[in-house]
Amino acid sequence: MTHWIYKKYPHLFKKVKGIVEESITGIHRLHHLSKAGKLCVPAINVNDSVTKQKFDNLYCCRESILDSLKKTADIMFGGKQVAVCGYGEVGKGCSAALKAMGSIVYVTEIDPICALQACMDGFRLAKLGDVVRQVDMVITCTGNKNVVVREHMDLMKNGCVVCNMGRSNTEIDVNSLRTPELVWQHVRAQVDHIIWPDGKRIVLLAEGRVLNLSSSTVPIYVLSITATTQALALIELFNAPEGRYKQDVYLLPKKLGNNHYPLSEIG
């Protein structure tokens, strides 16, 4: 909406005191506008606030990954070998849920601190290329591009499930699968089989889009936390004295990010 107003009705920004943005795509656009000197009003980045990262990203994904996989692929988790790419908050949630269900979880991670956390949490650190032949599922949780590419998918075993829990639809190189030698078989909503010439097939969920947004419900309590964080950011911008915020992108002040009632006080 910010981008649309800027392109179509820039004069409306004269009446706007600030912007609150929760989507990662929107935040990237705001940063681009800011660097170009075209951001007309201050903006608060809610996505990277403490409550959004530590609650929505972690606990929402910990629950919705299982729901999404059950609804789409009807998977039995016990004993399955799973590669989780990325051990940020989303990767932590997915890994914990799968481990609790009896899956054998490998974690791939390039950040040394997150890799150490995965190790201390009892997960097996690996390079995707070293385990891709044996795993039953590959789940991307990085927010990066082309984490799983055609070379990886050529090596996957028959029936391997591939899905994305990251920020966008760029983590799995789906375009590399749209070639004449591969056959796409649409099984049902959000489920496609990609069949190789030798008969091997992988199960691609939601065409590489964010799985829990496509195939699951998101717990309303977690959503309420993020919505409350957005409301606090709006109040902060509206009540801020002149000059506190320039025409730039700001993180939510930590005292506001922590300004939620603990569960024991919710009656």
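## A tour from the parallel sheet to Cys141

In this predicted model, begin by selecting Ile19 and then Ala43, which is the bridge partner of Ile19 in strand 2. Extending the selection to the whole of strand 1 and to strand 2, residues 43-45, shows the two strands paired in the parallel sense over three bridges.

Next, bring in the helices that lie against these strands. Select residues 24-35 to display helix 2, which lies across strand 1, strand 2 and strand 11 and runs at about 135° to strand 1. Then select residues 220-239, where helix 9 packs on the sheet and touches strand 1 and strand 2, its direction making about 160° with that of strand 1.

With the helices hidden, look at the sheet itself, an open arrangement of three strands in the order 1-2-11, with parallel pairing. Strand 1 (19-21) and strand 11 (249-251) stand at the edges, and because each has a single partner strand, one side of each is left without a neighbour in the sheet. From one strand to the next, the twist averages 30°.

Now move to Cys141, which sits in the loop between strand 6 (137-140) and helix 7 (150-155). Is Cys141 buried or exposed? Its relative accessible area is 8%, and because the cut-off for burial is under 20%, Cys141 counts as buried. To see what surrounds Cys141, leave aside its neighbours within four places in sequence and select its contacts, namely Val84, Cys85, Gly86, Val90, Gly91, Cys94, Met165, Gly166 and Glu171. Finally, select Met120, which is 21 residues from Cys141 in sequence and 19 Å from Cys141 in space, C-alpha to C-alpha.

Technical notes
Residues are numbered from 1 along each chain as its sequence is written. This is a predicted model: local features need pLDDT of at least 70, side-chain atom pairs count only at pLDDT 80 or more; totals for chains, interfaces and linings use all residues. Side-chain values use heavy atoms; hydrogens and water are left out. Helices (H or I, at least four residues) and strands (E, at least two) are DSSP runs, numbered from the N terminus. Buried means under 20% relative accessible area, exposed over 50%, partly exposed in between (1.4 Å probe, protein chains only). Contact means heavy atoms within 4.5 Å. Two strands pair if DSSP finds at least two bridges between them. Axes are lines fitted to C-alpha atoms, for helices over the stretch in contact, and angles run from 0 to 180 degrees between N-to-C directions.
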